[in-house]
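Here's a quick walk through a structure you may not have met before. Take a look at it first, and then we'll go through some of its details together.

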Amino acid sequence: MAETRVRAQGVRPGPQVASGARATEGRGGGAMVLERGERAEQREQTALRIVEAAGIVIDRDGYAGASIPEILRTAAVSRGGFYHHFDSKKSVGDAVLARQHEFFERVAQQGAAGPVPVYWSQVLIDVSYEYTAGILDDPVLRAAVRLSIEPGPYLTRESYRSPLGAVTSILTAARDAGELQDHVVPEEAARTLVGCYSGVQLLALALEERDQLYGQVAAMWRLLMPGLARPTVLDRLRLERPPQT
């Protein structure tokens, strides 16, 4: 895949190219390098705008119903501008799904590098609410969820690799800390939790009740966490959405 297309699949394009160009000002050819850097940054912004527009359209119409002309209209870019960054609807769908992968990869990295929490089980609960907030605020993340739960090219094992990996790693840490009941196997529990959350999402989409998603996630935890955590740990967990400041 072309370099610009790879960059388009990130959550946020960075200004590294433009910054590098500005650093060369004052040397021979600095103005030309600066101009190239600015154009590169503009191209990255255009790619991001296309991904954001694709998120809006896919979230509303599903992948099968999302057309390239509608994505172009929503993004306010030309057909040539679209195909400069993406060679098909599938490639822009890949960029949308990348938003979900990057969320869970960040979760996994923070869990591995951050300070040891009081309860890993609480970390898992809080991640679910952070993800819910992202879904409600970010149309690209909502579209990524829809891609992974609707029949189509993204209903695959690969679409669930990152969420399953992140949840498994947190559950493994919780098991090693003695928080989980003896029967809990992290890999199996991760499948159940990711499946339940996906089901909550699908039902909220079908019933047009995404505004009630926080309450539905809390209900999920009230049902599932007693089967995961030891009673002494369960009594100390907050199952509801964290207080908002």
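## Charges over rings

In this predicted model, lysine 89 holds its charged end over the ring of tyrosine 63, at 4.4 Å from the ring's centre. You'll find another case at tyrosine 214, where arginine 241 lies over the face of the ring, 3.6 Å from the ring centre.

A further arginine to look up is arginine 99, whose place is in helix 6. Its relative accessible area is 5%, so arginine 99 is buried. What does the side chain of arginine 99 make a polar contact with? The partner is the side chain of glutamate 52, at 3.3 Å.

## Rings that pair up

Now for the aromatic side chains. Searching the whole structure turns up eight aromatic pairs. One of them joins phenylalanine 82 and tyrosine 83 in an edge-to-face arrangement, with 5.1 Å from centre to centre and 80° between the planes. Phenylalanine 82 counts as buried because its relative accessibility is 0%. Tyrosine 83 has a relative accessible area of 30%, so that ring's residue is partly exposed.

Phenylalanine 103 and tyrosine 131 make a tilted pair: their centres are 5.0 Å apart and their planes are at 45°. Phenylalanine 103 belongs to helix 6 (residues 89–113) and tyrosine 131 to helix 7 (residues 120–137), so this pair ties together parts that are 28 residues apart in sequence. Are these two buried or exposed? Phenylalanine 103 is buried, at 8% relative accessibility, and tyrosine 131 is buried too, at 5%. Ring pairs also bring in further partners, linking Phe103, Phe104, Tyr131 and Tyr197 into a cluster.

## Around helix 4

Helix 4 covers residues 68–75, and its buried residues are Ile68, Glu70, Ile71, Leu72 and Ala75. Just after helix 4 comes alanine 76, with a positive phi of about 60°. Why point that out? Most residues other than glycine have a negative phi.

Alanine 76 sits in the loop that runs between helix 4 and helix 5 (79–85). With a relative accessible area of 63%, alanine 76 is exposed.

## Helix 7 up close

How far apart are the end C-alpha atoms of helix 7? They're 26 Å apart, which agrees with the 26 Å that its 18 residues should span at 1.5 Å a residue.

Plenty of names come up when you list the buried residues of helix 7: Trp120, Ser121, Gln122, Leu124, Ile125, Val127, Ser128, Tyr129, Tyr131, Thr132, Gly134 and Ile135. Tyr131 is the residue we met in the ring cluster with Phe103, Phe104 and Tyr197.

## The space inside

The structure holds one cavity of 30 Å³ or more. The volume of the largest cavity is about 290 Å³. Its lining is made of 21 residues, and those nearest its centre are Phe104, Tyr131, Val167, Val194 and Tyr197. Three of these names should ring a bell, as Phe104, Tyr131 and Tyr197 also belong to the ring cluster.

Which helices each supply at least two residues of that lining? They are helix 6, helix 7, helix 8 (139–149), helix 9 (161–176), helix 10 (186–206) and helix 11 (213–224). Helix 10 gives the largest share, with five residues.

Notes:
Residues numbered from 1 in each chain as written. Predicted model: local features only at pLDDT ≥ 70, side-chain atom pairs only at ≥ 80, totals over all residues. Heavy atoms only, no water. Phe/Tyr/Trp six-rings, centres within 6.5 Å; stacked < 30°, edge-to-face > 60°. Buried < 20%, exposed > 50% of the residue type's maximum accessible area, 1.4 Å probe, protein only. Helix = DSSP H or I, 4+ residues; strand = E, 2+ residues; numbered from the N terminus. Lys NZ or Arg CZ within 6 Å of the ring centre and 35° of its normal. Polar contact = N/O pair within 3.5 Å; in protein donor to acceptor, adjacent residues only side chain to side chain. Expected span 1.5 Å × (residues − 1). 1 Å grid on protein atoms, 1.4 Å probe; cavity = no way out; pocket = protein on both sides within 12 Å on 5 of 7 lines; lining within 4 Å. Points joined across faces, edges and corners; volume = space filled by probe spheres on them.
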